[in-house]
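Please look through the sequence and the model below before reading on. The report that follows describes how strands and helices are arranged.

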Amino acid sequence: MTEHSDSNGQGAVTTRRGIRSFVLRQGRMTEGQKKAYERCWPKYGLTREQGMIDPREVFGREAWLNLEIGFGMGKSLADMAEAAPEQDFIGVEVHLAGVGALLKEVEDRGLENVRIYAIDANDVIDLCLPDACLDRVMLFFPDPWHKKRHHKRRLVQPEFCQRIRHKLRVGGIFHLATDWENYAEHMMEVLSDSEGFANDEGDGKFAPRPEHRPITKFEQRGARLGHGVWDLVFRRTN
């Protein structure tokens, strides 16, 4: 497995040892993505080496702050940022093709309210974000690791949720979505048992898709095939 480094001014994609929730694919960036990356990373990229950020300095204002973990190819994040220019968005993605694709969207749309990390979200949470700085954390369609022997690789675990909790302000939102029913049930169980979180919809209930979450092409295709999608919206209570 090759881990990207140096090209974005940082070292290996993660500093954490042990089980990972992701596998680095070696997909290449298209020429357009590569050029957008080269032009835009210095302005929109954030690195672990910068340490703890002050979002007000990063964005030049104080605004509602969103974190999306694993934005894929970035179109949904760009859609959300374009629809809510009064809010700020930090996206995290380890696959450089996705980073390049989002940077191209940011450039083409002239978005000023997006910043990007190209490292493990765990490092972003632990090393880069101050406590209580986030208004919303979004985790949409993470790898379900559907085989039972791989469930330990799922990102949504009790310890992870507590680390997310500390980065949210009291009243802040943790919004998750998955198209795997078993993972949805796992998420519901973990978050329902997590200290300091309350389900916005009531105990054990899934949420309707909030208007701010765009419907992806992947999701539309799944709907045509009869696949379900489960949203969970939990709020930090203390």
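Which residues of strand 4 are buried on one side, and which on the other? In strand 4 (residues 114-117), Val114 and Ile116 are buried on one side and Arg115 and Tyr117 on the other, so that both faces are covered, where buried means under 20% relative accessible area with a 1.4 Å probe and protein chains only. This is a predicted model, in which local features need pLDDT of at least 70 and side-chain atom pairs count only at pLDDT 80 or more, while totals for chains, interfaces and linings use all residues. Residues are numbered from 1 along each chain as its sequence is written, and side-chain values use heavy atoms, with hydrogens and water left out.

Helices (H or I, at least four residues) and strands (E, at least two) are DSSP runs numbered from the N terminus, and two strands pair if DSSP finds at least two bridges between them. An open sheet of eight strands, with mixed pairing, follows the order 1-4-3-2-5-6-8-7. Strand 1 and strand 7 (197-199) stand at the edges, each with a single partner strand, so one side of each has no neighbour in the sheet. Three of the pairings are set out here.

| Strands | Sense | Bridges | A facing pair |
|---|---|---|---|
| Strand 1 (residues 45-46) and strand 4 | parallel | two bridges | Gly45 and Ile116 |
| Strand 3 (residues 88-92) and strand 4 | parallel | four bridges | Phe89 and Val114 |
| Strand 5 (residues 134-140) and strand 6 (residues 168-178) | parallel | six bridges | Val137 and Phe174 |

Helix 3 lies across strand 2 (65-69), strand 3, strand 4 and strand 5, and runs at about 170° to strand 3; axes are lines fitted to C-alpha atoms, for helices over the stretch in contact, and angles run from 0 to 180 degrees between N-to-C directions.

Helix 3 (residues 75-83) also packs with helix 4 (residues 96-109) at about 30°, their axes 9 Å apart, and the two are therefore roughly parallel, a term for angles under 35 degrees. The contact (heavy atoms within 4.5 Å) includes Lys75 and Leu77 of helix 3 and Leu102 and Arg109 of helix 4.

Helix 1 (residues 31-44) packs with helix 4 at about 75°, with axes 8 Å apart, and these helices are therefore roughly perpendicular, which covers 65 to 115 degrees. Among the residues that meet there are Tyr37 and Trp41 in helix 1 and Val99 and Leu103 in helix 4.

Conventions
Angles under 35 degrees count as roughly parallel, over 145 as roughly antiparallel, 65 to 115 as roughly perpendicular and the rest as oblique. Buried means under 20% relative accessible area, exposed over 50%, partly exposed in between (1.4 Å probe, protein chains only).
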